[in-house]
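Visitor: I would like a close look at a single part of this protein, with its surroundings explained step by step. Could you take me through one helix and then show me what lies around it?

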There are 2 protein chains.
Amino acid sequence: MRIVVVGAGGVGGSVAAIAARREFVECLVVADVDPARAQAVADRAGDPRVVAARVDASDPDDVAALLAAHRADALLNATDPRFVMPLFRAALAARVTYLDMAMSMSVPHPERPHELTGVKLGDEQFALHDAFVDAGVLALVGIGVEPGLSDVFARYAADHLFSEIDELGVRDGSDLVVPGRAFAPSFSIWTLIEECLNPPVVWERDRGWFTTPPFSEPEVFDFPAGIGPLECVNVEHEEVLLMPRWVDARRVTFKYGLGTRVIEVLRTLHELGLDSTTPVRVGDVRVSPREVVAACLPDPATIGPEMTGRTCAGLWVRGTGTDGAPREVYLHHVVDNAWSMAEYGCQAVVWQTAVNPVVALELIASGVWSGAGVLGPEALDAVPFLDLLTEYGSPWALREGG
Amino acid sequence: MRIVVVGAGGVGGSVAAIAARREFVECLVVADVDPARAQAVADRAGDPRVVAARVDASDPDDVAALLAAHRADALLNATDPRFVMPLFRAALAARVTYLDMAMSMSVPHPERPHELTGVKLGDEQFALHDAFVDAGVLALVGIGVEPGLSDVFARYAADHLFSEIDELGVRDGSDLVVPGRAFAPSFSIWTLIEECLNPPVVWERDRGWFTTPPFSEPEVFDFPAGIGPLECVNVEHEEVLLMPRWVDARRVTFKYGLGTRVIEVLRTLHELGLDSTTPVRVGDVRVSPREVVAACLPDPATIGPEMTGRTCAGLWVRGTGTDGAPREVYLHHVVDNAWSMAEYGCQAVVWQTAVNPVVALELIASGVWSGAGVLGPEALDAVPFLDLLTEYGSPWALREGG
């Protein structure tokens, strides 16, 4: 398979490191607006199949030329969400399989943002579903870890563990810390603010999608693998938009185990207006407060070597088991930063995101996964995915009792 | 008396509004680097004795020319602490009485900032004490409300209420809020950060001056006039440097009734590095994070009309009364924002700061207060000051029992 990865950040770099170990990859082009960054990823991979290129992800002609030049079978989007739509459209135009790990952006409801959805995550992409079907092209959206593996878990639970599902609740938590740093998020603070301060979205069978105020429905969830209990709150996340389309459940939620301290920090940034992306005047210049916050914190791409701890992505499912009895399970996947650093030189959170699209690409290359249109991971059979993930050396687990 | 006020901010403006009602003022020149700001203050005073001028407070020649041109008897410094030393030296050179409301800045101890003092608040000014004595010039330093009125209270307690003082504890609190704003400090966030994150200083008879980590010795103090209990913590403040020089006590502290929420906000800003004044790079520009925080918040000079509540400045004193029995009192002064806005068009915090140097200037003009050298308010008799403050329509109070 000939793959073009757009974006040579942490996730793109991990994709290259993981894919370079797999035989299905004929060629992997790492493309970035900064050619030096792409070249550095290719150099680290140290494999002649991995090559670097320059591309402007916002320019459809530039992307089309790149896909043609490399005779790409698939485009994996590892950029930030602003570039979803141009890359998604470029893949359709070129009739190339498209994968991403974050979906097109939401716009809050103009009058009642904490009750009603406006433009939802992925709406712009699903609007092109028929065009992808007509072109016979597969767009596999939200195939990182969350969304991604969490959605695979939903399909697995529906097919193999439950006869009826009351709630699909993604629950994400970690005990990652950077010793000596009071506050060092393991991924972009910009994205963390975006996810946490956008109105959280919930789906219920009787109501459809609706929104709540930020940080709603706090609960303490006990994470496995020694991570322990963390305060979790609703946030806006793709799974809530994906799962109800293919998996039958009464309720779908995403709660983020930020912990009390991070929730407090994000609330404070919001109260002070420091989460805003609207520039403020400071002396002779104008800057976005959120960019200033990001600039004050350590770069998440560089803290991997200093970080310690584990990250856990998973899906809590409550319902009626296949035997007719009430059942609760937590399907989950844990990555220890010490392991991912030693094994791949990659920080745990980006490695955990990157492994899933590589597994998916291998399933597509072998024909085990196929289709046309805009599909979420739960639209496809979960078992081969989970088996191949285990073969990659990173097994998942099931905790009975939720 | 011919007075030059340097700085036409909130405090300078209030000084003009208050002084314009007093007959001892022959001329009051409001000078600012921004002549329009100075003119606006003069226009608001609406009194021919109050005139505007332009001055660069950092330029000794410019200040000297201003003092000479107006044949000034006194220079009242209402600028921020960066300009203390040039204005202080200019007054000495011109042999003009000098007053300020904040003293020369401190520099933390380079190795053990949370145990030992480095350069203390006011050290640079006290180093010129002999020069002021030799020139026969009075520098009355720290004569706002805190420092200022709090120091007058210390002298009053020592002279009239106690035979022995165990602790002089300045306690400052308010219930000022801006309805609809979660966080709207009533004075500069820049200064609030500076005061609260600099190592707090404490004085003890046996140890002299020493420092602690920020937010040390939290206690809940019950403020009068309906403000109620607030969490107070040690901060660096001039009173601790002034009181022990003239008033006998075993311990001197300054605790700020920030309340739990403000303490939390300041801690968070510090953890994220957003309190820093060292510029960070954001895109093509470099900005001080602390300036960005300030730019995101409402301008304290403009929130007076929206604000509601009261501010209380005071001194808690514990020791042995003049009758030999244990005694605790809280000497205090409360300003209701509704009153200061209605009466003077001034926000409560700046009005409460500004009234004290005007009272002091009137005592100096009449010869009731006099001296040479660098003196704190506690070096002079408290009774005429407190009587005149009451005559200004803003009485103080004593709460027996602390």
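Guide: Happily! One cut-off comes first: a residue is called buried when its relative accessible area is under 20%, and exposed when that value is over 50%. Please keep in mind that this is a predicted model.

Let us begin with helix α3 of chain A, which spans residues 60–69. Its buried residues are Val63(A), Leu66(A) and Leu67(A). They cover an arc of only 95° around the axis, so they sit on the same side of α3(A). The general background is simple: an α-helix has 3.6 residues a turn, so residues three or four places apart point the same way. On the face of α3(A) turned away from that buried side you will find the exposed residues Asp61(A), Ala68(A) and Ala69(A).

What lies over the buried side? The cover for the buried residues of α3(A) includes the strands β1 (2–6), β2 (27–32), β3 (50–54) and β4 (74–77) of chain A, together with helix α4 (84–94) of chain A.

The two ends of the helix deserve a look as well. Asp59(A) caps the N-terminal end of α3(A), with a side-chain oxygen 3.0 Å from the backbone nitrogen of Asp61(A). After α3(A) comes Arg71(A), which has a positive phi, near 45°.

Now let us move to chain B. Chain B can be laid on chain A by a turn of 180° with a shift of 0.0 Å along the axis, giving an RMSD of 0.0 Å. That is the relation of a two-fold axis. The copies meet through the same surface, because 100% of the interface residues of chain B are also interface residues in chain A.

In chain B, helix α4 covers residues 84–94 and contains Leu87(B). With a relative accessible area of 0%, Leu87(B) is buried. Leaving aside residues up to four places away in sequence, Leu87(B) touches Val6(B), Ala57(B), Val63(B), Leu75(B), Asn77(B), Thr79(B) and Tyr98(B). The C-alpha atoms of Leu87(B) and Pro60(B) are separated by 7.2 Å, although these residues are 27 places apart along the chain.

A loop residue makes contact with the start of this region too. Ser104(B) belongs to the loop between β5 (97–100) and α5 (123–126) of chain B, and at 1% relative accessibility it counts as buried. Among the residues that Ser104(B) touches are Val84(B) and Met85(B), as well as Leu121(B), Gly122(B) and Asp123(B).

To finish, here is a part further along the sequence. A UniProt record, an unreviewed entry, places the feature "domain: Saccharopine dehydrogenase-like C-terminal" at residues 144–393 of chain A. Over those residues the chain is 35% helix and 29% strand, and the end C-alpha atoms are 17 Å apart. Thr212(A) is found in the loop between β9 (208–211) and β10 (219–223) of chain A. Thr212(A) is buried, with a relative accessible area of 8%, and its side chain makes a polar contact of 2.5 Å with that of Ser216(A). Beyond residues up to four places away in sequence, Thr212(A) touches His114(A), Pro199(A), Pro200(A) and Val202(A).

In chain B, strands β8 (201–204) and β9 (208–211) pair in the antiparallel sense over four bridges. A hairpin of three residues joins β8(B) to β9(B), and Val201(B) has Thr211(B) as its bridge partner in β9(B).

Key
Residues are numbered from 1 along each chain as its sequence is written. Chains are lettered from A and ligands numbered from 1 in the order in which they are written. This is a predicted model: local features need pLDDT of at least 70, side-chain atom pairs count only at pLDDT 80 or more; totals for chains, interfaces and linings use all residues. Side-chain values use heavy atoms; hydrogens and water are left out. UniProt positions are given in the numbering used here, feature names are shortened, and annotations may be inferred rather than shown by experiment. Helices (H or I, at least four residues) and strands (E, at least two) are DSSP runs, numbered from the N terminus. Copies are superposed by least squares on the C-alpha atoms of residues with pLDDT of at least 70 in both. Contact means heavy atoms within 4.5 Å. Buried means under 20% relative accessible area, exposed over 50%, partly exposed in between (1.4 Å probe, protein chains only). The arc is that of the directions from the helix axis to the C-beta atoms. A polar contact is a pair of N or O atoms within 3.5 Å; within protein, one must be able to donate a hydrogen and the other to accept it, and residues adjacent in sequence count only if both atoms are side-chain atoms. Two strands pair if DSSP finds at least two bridges between them.
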